[in-house]
Amino acid sequence: MSFNIEIGLNAIASYRRMNYEIWYALAEFVDNSTQSYANNKDALETAYEREGETLEVRITYERQGNDPVLRIVDNAMGMDYAELEHALKIANPPAINTGRCRYGMGMKTSSCWIGNRWSIATKKLGDTREYTVEVDVKRIEGGDPTLDTKTIDGLSPDEHYTRIEIRDHNREFKGRTIGKIKDFLKSMYRVDFRQNTLDLWYNDELLSWEEFESKLRRNRAGEPYKREFMFDIEGKIAHGWAGVLDKGARADTGFSILHADRVVKGWPDAWRPERIFGQNRNDLLNQRLLGEIHLEDFEVTHTKDNIQWYGDEEELFEKKLAQEISDLINIARTPWKDQEDGRRPSEGEIDLAISGLRDELMSPEMVDKISIEVLPPEEAIRESLSRIAEPVKAGRAADIQATVGDLKVWVYVVSTDIGPYDPYVVCEAGSDGKIIVIINMQHPHVSQISGEQGIMNYFRHCVYDAVAEWQAQKLRSKLDSNTIKMLKDSLLRVSLLIEQHATASEEATAE
């Protein structure tokens, strides 16, 4: 006995639940346009020369009341009826499936992920007809797979375009998402921009890519610390370049992985292989090393947001890459005499901080704060802190539960159920060898902290104050401020020791 596998019509509705990012969804449409250009380059170049144009893709997002509309318009080859019918069949690979369009999924999955109603209108160069198809995802989910086609005849054979409109959106484009969309698209199509084969617009902005070449460190001969490489992993070729930034900027470092000359994983969310970069470190290497890697012989995920590694390919690749660029890795790790560690503040920043703190210390508000003559009784302070701590401990899990030898440190980072007038930190140290640290993220001081490193240092000081006090209390019956400072000083050196030990371990592994 046997039977055929069947996929129900409601499978199309599941696309809206895919784990997708909006920039990768939009890239599917740009991939179709650029692949259309690549497949029909000679005919399109002739048309562009006549028209004074180049390949152009315009992405427009407009809010129209409660019904925003997303449009993607290109002047690529366009499609005739047979090609349009083929393109709308799910998982039906294109006739040429060795470039950016491989699986026959992209346009359909992206459109359904973004919205529940979408249409495609297309006119092929040399044809005289425009074809329009409207897709209603909810109607298809309900069991009606019919896609009616509207035809407009008698058009000029010189016209060529595809227009996609998506409505009834499942998610909105707003705030920081808009900036991230533009950053990712700039990065993804950097090769097209280099070759001057694509004008990509987001609303009224023409996107472009800024190269890193001018930011690289140079040797005494004026040559950049940049080197190309090529190697194979079980017969699959990898090639690209690696370089070292002159001025460290962690946001710019890591590797961009390209497939079919399109970034699938890269800036501003670059690939950082752990064998080379370690795990969540911010050392000189993580501040300086960057590059591009082309992996044409490898497969990409069906959402084209990463490489689909098989077996131990990724491990072998990381090891080989580390060997190929070991000289640049060592250069990136080396402090330079003409520069301080890029993570340290500049002289100008130090001067500004001194000036700001001086003004703060001399302010009338500071005078008021240090002129307090009466303190609440110690027991009243303890009760007040306990009223804050008990609901936090009872109502949520600790964000950090660390065991350090015989000491347990539980840290709560609290943004609700605690207010701006409550203490910036509440600490409890019990006789059971357990420290509770509750950090108040509603405190006004938090708004003055900038960036990941700034907030991490703030957390460090909150926690290490509590640990140092616990150490001093344990070692001496009387709490002495100088003893606490000495103990905290040693705790603040832990992150540097971790960095040094990790570097030494990696160098030993490489040998």
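In the predicted model, strand 1 (residues 56–62) and strand 2 (residues 69–74) run antiparallel to one another and are paired over six bridges. Within this pair, Ile-59 faces Ile-72 of strand 2. The two strands make up a hairpin, with six residues lying between them. Gly-65, which sits in the turn, has a positive phi of about 65 degrees. Strand 2 also pairs with strand 6 (residues 161–169), again in the antiparallel sense, and here five bridges are found. One of the positions in this second pairing is Val-73, whose bridge partner in strand 6 is Arg-163. Strand 2 thus has pairings with strand 1 and with strand 6.

Asn-116 belongs to strand 3 (residues 115–123). Its relative accessibility is 4%, so Asn-116 counts as buried, the cut-off for this class being under 20%. The side chain of Asn-116 is joined to the side chain of Asn-170 by a polar contact of 3.1 Å.

A further group of strands forms an open sheet. This sheet has five strands in the order 9-10-13-11-12, and the pairing is mixed. Its edges are strand 9 (226–233) and strand 12 (262–265), each of which pairs on one side only. On average, neighbouring strands of the sheet are turned by 30 degrees against each other, when direction is ignored. Inside the order, strand 10 (residues 236–244) and strand 13 (residues 289–294) run antiparallel and are joined by six bridges. Trp-241 has Glu-292 in strand 13 as its bridge partner. In a regular strand, side chains alternate between the two faces of the sheet.

Several loop residues were examined for their backbone angles. Most residues other than glycine have a negative phi, and most peptide bonds are trans. Against this background, Asn-203 has a positive phi, near 50 degrees, although Asn-203 is a residue other than glycine. Asn-203 is located in the loop that connects strand 7 (199–202) with strand 8 (205–206). With a relative accessibility of 28%, Asn-203 counts as partly exposed.

Glu-234 likewise is a residue other than glycine with a positive phi, near 50 degrees. The loop that holds Glu-234 lies between strand 9 and strand 10, and strand 9 is an edge strand of the five-stranded sheet. Glu-234 has a relative accessible area of 62% and is therefore exposed, since that class begins over 50%.

A cis peptide bond is present between Trp-267 and Pro-268, with omega at about 10 degrees. Pro-268 is placed in the loop between strand 12 and helix 8 (274–277). Strand 12 is the other edge strand of the open sheet.

Another proline, Pro-444, is found in the loop between strand 19 (434–440) and helix 15 (451–475). Pro-444 counts as partly exposed because its relative accessibility is 47%; partly exposed residues fall between the limits of 20% and 50%. Along the chain, Pro-444 and Tyr-424 are 20 residues apart, and their C-alpha atoms are separated by 8.5 Å.

Terms used
Residues are numbered from 1 along each chain as its sequence is written. This is a predicted model: local features need pLDDT of at least 70, side-chain atom pairs count only at pLDDT 80 or more; totals for chains, interfaces and linings use all residues. Side-chain values use heavy atoms; hydrogens and water are left out. Helices (H or I, at least four residues) and strands (E, at least two) are DSSP runs, numbered from the N terminus. Buried means under 20% relative accessible area, exposed over 50%, partly exposed in between (1.4 Å probe, protein chains only). Two strands pair if DSSP finds at least two bridges between them. Axes are lines fitted to C-alpha atoms, for helices over the stretch in contact, and angles run from 0 to 180 degrees between N-to-C directions. A polar contact is a pair of N or O atoms within 3.5 Å; within protein, one must be able to donate a hydrogen and the other to accept it, and residues adjacent in sequence count only if both atoms are side-chain atoms.
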